[in-house]
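Here's a quick briefing to read with the structure open beside you. Take it topic by topic and click along as you go.

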Amino acid sequence: MDKLPREKTRRLSIGGVSLGGGAPVRVQSMTCTPTSDAEATLAQVQALVDAGCDLVRVTLPSREAIPSFTRVCAESPVPIIADIHFDYRLALAAIDAGAAKLRINPGNIGDWSRVDTVIDAAGSAGAVIRIGVNAGSLEQEVAERDDLTLPEKLVASSIRFVRHFEKRGFSDIVLSAKAHDVPTTIETYRSLSRELPDIPLHLGVTEAGTVQQGTIKSAVGLGVLLSEGIGDTLRVSLTADPVEEPPVAWGILSCLGIRRRGPELVSCPTCGRTQVDLIPIAKAVEERLQSCTKPISVAVMGCVVNGPGEASDADVGVACGRGTALLFKHGEVVGKIREDEIVDALMAEIDKL
Ligand code: SF4
């Protein structure tokens, strides 16, 4: 079988976290606290790590925020990525502050000499740079070309930047080229993976929307790409508390069997055969599983049609009858319980695994 594109990309180290070259697909998100408030930012970094982030991005928007950003880098449990726009001096300050990676759009940093100063400083410090091209902020020269589609513009701009960095002797590059619509995202990243097969790709659908729409867009867009082996790290962007992003990213990875964190809940949609109040039971199990990190499957099934099959395939499961349920563990019936005992009985078996 041909190697997956993600296995062909360069292996990078971001403050000790491997990325690309077949490393686990990394989950990341971004803080939304004022960076000048170190306490609040560190608390959010920790919350994002608890929610499953391998890496966290923090903006460095001003010189005033440098001391606080420095503290965040020093005390964060995971490597920090600095998000920099416009001012190359802030990129240099972020490197000095201990950022393991920078996210810059070279097109908005200014002339090449400033970009080169950043490239050289990152090279000396061993920091990685994500070149972040965005459909909303393409370089004017590329944006104005009528002969190119939007994916072609994103790819042309990306290639131009990557070639410049490489000519400068810098190869610790991650690349993203984001758009807010799914077909553009898919076409762009497929093309980047073909044109720049060794560059690790950061996937994302930008400005994807609120939780429901953003989850759907990210699951479809990033799911298609990841299923084709494209993508080394991802950020799900939601108009929501950022701690809602990593679980969606993990959900996408786990549905595709790429990376698993925590349990998978298999539950039926209920129908006219259901003889227990299954929906609150499934919701209560889901809630109680939030703090569980065991990579197990848990089935909550409404009746004896598909129930015993699914429940016995799962690590732990129930197949319900009239006000009762059969409790399964690793394919064996281990008890018959009342409807009001289902959640606690499942959790007790899960605790023993
Ligand atoms: S498992 Fe049973 S109750 Fe659930 S949807 Fe299927 S047939 Fe209906």
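**Around the ligand**

The ligand is surrounded by Cys268, Pro269, Thr270, Cys271, Arg273, Thr274, Met301, Gly302, Cys303 and Asn306. Sort that shell by class and you get five nonpolar, four polar and one charged residues. Keep in mind that this is a predicted model.

**Domains**

- The domain assignment splits the chain into domain 1 (5-255) and domain 2 (264-352).
- Going by C-alpha atoms, the centres of domain 1 and domain 2 sit 39 Å apart.

**The sheet**

- Eight strands make up an open sheet, and if you walk across it the order is β8-β7-β6-β5-β4-β3-β10-β9, with parallel pairing.
- At the edges you'll find β8 (173-178) and β9 (202-203), each of which has a pairing partner on one side only.
- For a look at one pair, take β4 (residues 55-59) and β5 (residues 80-83), which run parallel to each other and share four bridges.
- Within that pair, valine 56 is opposite isoleucine 80 of β5.
- As a general reminder, strands in a sheet pair through backbone hydrogen bonds, in either a parallel or an antiparallel way.

**Helix α10 and glutamate 245**

- Helix α10 (residues 245-255) packs on the sheet, where it touches β3 (26-30) and β10 (233-234).
- The direction of α10 is at about 155 degrees to that of β3.
- Glutamate 245 belongs to this helix, α10.
- Is glutamate 245 buried or exposed? Glutamate 245 counts as buried, because its relative accessibility is 1%, and the cut-off for buried is under 20%.
- Setting aside residues up to four places away in sequence, glutamate 245 touches Ser29, Met30, Arg235, Val236, Ser237 and Leu238.

**Helix α8 and threonine 185**

- Helix α8 lies across β8 and β9, and runs at about 150 degrees to β8.
- Helix α8 covers residues 182-195, and threonine 185 is part of it.
- Threonine 185 has a relative accessible area of 0%, so this residue is buried.
- Which residues does threonine 185 contact, leaving aside neighbours within four places in sequence? Threonine 185 is in contact with Ala179, Gly204, Val205 and Leu225.

Conventions. Residues numbered from 1 in each chain as written. Predicted model: local features only at pLDDT ≥ 70, side-chain atom pairs only at ≥ 80, totals over all residues. Heavy atoms only, no water. Near = heavy atom within 4 Å. Nonpolar A, V, L, I, M, F, W, Y, C, P; charged D, E, K, R; others polar. Helix = DSSP H or I, 4+ residues; strand = E, 2+ residues; numbered from the N terminus. Buried < 20%, exposed > 50% of the residue type's maximum accessible area, 1.4 Å probe, protein only. Contact = heavy atoms within 4.5 Å. Domains from an automatic or database assignment. Pairing = 2+ DSSP bridges. Axes fitted to C-alpha atoms, helices over the stretch in contact; angles between N-to-C directions.
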